[in-house]
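Trainee: Before we go through this protein together, could you show me how each kind of feature should be read?

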Amino acid sequence: MEFAAPNLTSDPKTGMTGRLDEEQFVARIRQGRVFPSSKMPWENVSRMTDADLRSIYRYLRSLPPVENDVGPTYRKQGWTKP
């Protein structure tokens with residue numbers, strides 16, 4: 001299995017911060033690793049303070065939204081976008 005980074009912009013259709021409000025974003029980071037092959041350093045970021053996580057969320061929301069459907073973030077090796 002492969003892991004592809006999601007679109008973190010605030011695009012309401014394809015962006016993670018466009019679909020999650022601030023509370024959901026913080027809760028998702030606190031949840032930690034969901035997929036074993038994820039490259040995200042979950043063990044480190046899940047211990048960040050709420051203030052730091054909220055700052056990251058607000059920074060990401062301040063960037064221009066970009067519509068970019070990257071497909072499923074967890075997929076079989078060799079997957080190609082249809």
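**Reading a predicted fold**

Mentor: Let us start with one residue, Tyr57, which lies in helix α4. Keep in mind throughout that this is a predicted model, so every statement here is about computed coordinates.

Trainee: Is Tyr57 buried or exposed, and what is the reason for the label?

Mentor: The label rests on relative accessible area, and a residue is called buried when that value is under 20%. Tyr57 has a relative accessible area of 6%, and therefore counts as buried.

Trainee: Which residues does Tyr57 touch, leaving aside those up to four places away in sequence?

Mentor: Here a contact means heavy atoms within 4.5 Å. With those sequence neighbours left out, Tyr57 touches Thr17, Leu20, Asp21, Glu22 and Phe25. A C-alpha separation is another kind of reading: Tyr57 and Thr9 are 48 residues apart along the chain, while their C-alpha atoms are separated by 9.8 Å.

Trainee: Where is Ser10 found, and how should I read its surroundings?

Mentor: Ser10 is found in the loop between β1, residues 2–3, and α1, residues 16–19. Its relative accessible area is 13%, which is why Ser10 counts as buried although a loop holds it. Not counting residues up to four places away in sequence, Ser10 touches Thr17, Gly18, Arg61, Leu63 and Pro65. Thr17 is thus named among the contacts of Ser10 and also among those of Tyr57.

Trainee: Which class does Arg33 fall into, and why?

Mentor: Partly exposed is the class between the cut-offs of 20% and 50%. At 33% relative accessibility, Arg33 therefore counts as partly exposed. Arg33 lies in the loop between α2 and α3, and, beyond residues up to four places away in sequence, touches Ser38, Met40, Trp42 and Glu43. Arg33 and Leu20 are 13 residues apart in sequence and 17 Å apart in space, C-alpha to C-alpha.

Trainee: In which helix is Glu43 found, given that Arg33 touches this residue?

Mentor: Glu43 is found in helix α3. With a relative accessible area of 41%, Glu43 is partly exposed. From C-alpha to C-alpha, Glu43 and Gly32 are 6.7 Å apart in space, and they are 11 residues apart in sequence.

Trainee: How many helices and strands are there in the protein, and what pattern do they follow?

Mentor: There are four helices and two strands, and read along the sequence they follow the pattern β-α-α-α-α-β. For the overall extent, the C-alpha trace spans about 40 × 30 × 15 Å along its principal axes. Of the 82 residues, 28% count as buried. Among contacts with a separation of 6 or more, residues 24 or more positions apart account for 62%.

Trainee: What should I read from the surface and the charges?

Mentor: The protein exposes about 5,600 Å², of which carbon and sulfur atoms supply 56%. For the charges, one compares mean positions: those of the 13 positive and 10 negative charges are 5 Å apart.

Trainee: Which residues lie nearest the centre of the largest pocket?

Mentor: They are Pro6, Leu8, Ile29, Met40 and Trp42, out of 19 residues that line the largest pocket. About 440 Å³ of space lies in this pocket. At the level of elements, α2 (22–31), α3 (42–45) and α4 (50–62) each supply at least two residues of the lining. Two of the residues named nearest the centre, Met40 and Trp42, are also among the contacts of Arg33.

Terms used: Residues are numbered from 1 along each chain as its sequence is written. This is a predicted model: local features need pLDDT of at least 70, side-chain atom pairs count only at pLDDT 80 or more; totals for chains, interfaces and linings use all residues. Side-chain values use heavy atoms; hydrogens and water are left out. Buried means under 20% relative accessible area, exposed over 50%, partly exposed in between (1.4 Å probe, protein chains only). Accessible areas come from the Shrake-Rupley method with a 1.4 Å probe; for residues, only the protein chains shown count as cover. Lys and Arg count as positive and Asp and Glu as negative; His and the chain ends are not counted. The place of a charge is taken as NZ of Lys, CZ of Arg, CG of Asp or CD of Glu. On a 1 Å grid over the protein atoms alone, a cavity is a set of points where a 1.4 Å probe fits but cannot get out, and a pocket is an open set with protein on both sides within 12 Å along at least five of seven lines; lining residues have an atom within 4 Å of a point. Grid points are joined across faces, edges and corners, and a volume is the space filled by probe spheres set on the points.
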